[in-house]
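Trainee: I'd like a close look at the sheet in this one, strand by strand. Could you take me through it and then show me how the rest of the chain ties in?

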Amino acid sequence: GAAVVVLEDDSILNDSFFLHSGVMKIVVPNSRIALAKLSANYFNNPSERLSIFGVTGTNGKTTTTYLLKSILESTGKKTGLLGTIEYKIGNQTFTATHTTPESFDLNELFSQMLDVGCSAAVIEVSSHALSQHRVHAIKFTGAIFTNLTQDHLDYHITMEKYFEAKKSLFDSLPSSSFAVINVDDKWGQIICNSTKANILTYGIHSSADIQAKNISTTTDGIKFSLLAKGNEINIESNLIGTFNVYNILAACGVGIALDIPLHKLKEMIFKTTVAPGRFEQITSPKGWIAIIDYAHTPDALEKALTAIHEMFAINKKGKIITIFGCGGNRDRSKRPKMAQIASTLSDVTIITSDNPRNEEPEHIINEVIRGMKTGSEYYREVDRKKAIHLGLDIASKNDVVLIAGKGHENYQIIGDQKIHFNDRVVVEEYINTHK
């Protein structure tokens, strides 16, 4: 029933089929790029009528987009959001199907944002989306690079190919746009040398356009001095950990590029709450704290545990109990690396299932255990609910239980089944039944 067929392989259907059926045949070098262009044109190029800000990197994308959405809305810009957790269009919120939707869906969502009066959109741009040209033909006002650490090597194979996918976003930016880049990250420094966009750098350790100094972090949040364009302002946030200082700097970078006053940025950073499943704290009446976090890469797990150690530097030290697993049918090389990090930075480690998918859960745990630090205390429990209960049973006053890997997710994929499961709900139910 198609009127037109766009394809890459000219030989897949004979010309005679098209001649006798009246269907138009268009041969293109890349059908995904063609789809992106067709989709943009079909919806009358909505990205040209929105200010679109893309955020890419391994970690920090979700929190940065939430911060940036708040900053943009403080200036009166009605702002849509597309990311790992959810899509927000005006007053409507939808559960996300992909971190970055396919090109047709993406343009349709931008069109819907225009229909409800949005003038801006903040989107997480995944490496898969860049590799598959989902954001081709999207006009970006600006883009943020957060960092690059090991992830998705089951798809990209090498770190260099993973980086090239991320870098392609900045390679495509015109000179009229801007790029906000973390130069504490070595990969960010490479991007600075290749993009045509106006560059605004940020960092803690490097000399950058936007810097954070005098950082203080506690269980209540973070405080630091933000230096930019010869000005200094004190920032306070209920987000926790030095890694969130980077996320705040990134979002403020866009604000500074848009000439939003620093006092307005300070106000919105103070008001923004933590994104679901991103270092979310649950305090037990018995005095221990559970932290739900999406950390599913070696770097993210290390940053989460480092943040907990930063908290302990000020508060009375207790045990750190880490519960995590690794996804099935994904990059296997990171499994022992995450075990090494967990067992080095935790007092007790409990290895369990994440989303095992079509791999044998016990086999995944065996591969994780190979990286455990010699002599470390650890347990294995394939059932994630039982593993969480075990960790909470061990916990006592002043302890912190980090439950990593799934964050906001309300499901677990075991085999071909998607089962309802939520780490936060398991913890809350445990507290209610163990008073």
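**The sheet and what surrounds it**

Mentor: Let's start inside the sheet: strand 3 (residues 51–56) and strand 8 (residues 142–145) pair in the parallel sense, with 4 bridges between them. For a landmark, find Val55 and look across to Ile144, its bridge partner in strand 8. Keep in mind that this is a predicted model.

Now zoom out to the whole sheet. It is an open one, built from 11 strands in the order 6-5-4-7-3-8-9-10-11-12-13, with mixed pairing. At the edges you find strand 6 (92–95) and strand 13 (231–237), each of which pairs on one side only. Going from neighbour to neighbour, the strands are turned by 15° against each other on average, if you ignore direction. As a reminder, strands of a sheet pair through backbone hydrogen bonds, and the pairing can be parallel or antiparallel.

You can see both senses around strand 11. On one side, strand 10 (residues 198–203) pairs with strand 11 (residues 210–218) in the parallel sense, over 2 bridges. Tyr202 is a good place to look there, with Ile210 of strand 11 as its bridge partner. Strand 12 (residues 221–228) runs antiparallel to strand 11, and 7 bridges join the two. In that pairing, Thr217 stands opposite Ile222 of strand 12. Strands 11 and 12 make a hairpin, with 2 residues between them.

Next, follow the loops out of the sheet, where some salt bridges turn up. The structure holds 20 of them. One joins the side chains of Arg32 and Glu102, at 3.0 Å from N to O. This pair links distant parts of the chain: Arg32 belongs to helix 2 (residues 31–42), while Glu102 is in the loop between strand 6 and helix 4 (103–115), 70 residues apart. Both ends are partly exposed, Arg32 at 31% relative accessibility and Glu102 at 22%.

Strand 8 leads to another one. Lys334 and Asp151 form a salt bridge, and their closest N and O atoms are 3.2 Å apart. Asp151 sits in the loop between strand 8 and helix 6 (153–156) and Lys334 in helix 12 (residues 334–345), so this pair ties together parts that are 183 residues apart in sequence. Here Lys334 and Asp151 are both buried.

Further along the chain, Asp423 pairs with Arg384 in a salt bridge, with the closest N and O atoms 2.9 Å apart. This one runs from helix to helix: Asp423 is in helix 15 (residues 423–433) and Arg384 in helix 14 (residues 384–394), so parts that are 39 residues apart in sequence are tied together. Asp423 is buried at a relative accessible area of 1%, and Arg384 is buried at 1% as well. There is also a network of salt bridges, which links Arg332, Arg335, Glu359 and Glu367.

What about disulfides, since you'll probably be wondering about reducing agents? There are 0 in the structure. Take Cys192: the closest cysteine sulfur belongs to Cys252 and is 18 Å away, which is too far for a bond. Cys192 is also buried, with a relative accessible area of 17%. Cys326 is buried too, at 4%.

Two spots on the outside round off the tour. The first is a nonpolar patch on the surface, formed by Val4, Val6, Met24, Ile26 and Leu38, with about 390 Å² of accessible area together. Strand 1 (4–7) and strand 2 (24–27) each supply at least two of the patch residues. Ile26, for one, is found in strand 2, and Ile26 is partly exposed, with a relative accessible area of 33%.

The second spot is Gln417, in strand 21 (residues 417–420). Gln417 is exposed, with a relative accessible area of 54%. From Gln417, look across to Asn358: the two are 59 residues apart in sequence, with 9.7 Å from C-alpha to C-alpha.

Note on methods
Residues numbered from 1 in each chain as written. Predicted model: local features only at pLDDT ≥ 70, side-chain atom pairs only at ≥ 80, totals over all residues. Heavy atoms only, no water. Disulfide = S-S within 2.5 Å. Buried < 20%, exposed > 50% of the residue type's maximum accessible area, 1.4 Å probe, protein only. Pairing = 2+ DSSP bridges. Patch = residues over 30% accessible without salt bridge, like charges linked within 9 Å, V, L, I, M, F, W, Y side chains within 5 Å. Areas by Shrake-Rupley, 256 points an atom, 1.4 Å probe, with all protein chains shown as cover. Salt bridge = Lys/Arg side-chain N within 4 Å of Asp/Glu carboxyl O. Axes fitted to C-alpha atoms, helices over the stretch in contact; angles between N-to-C directions.
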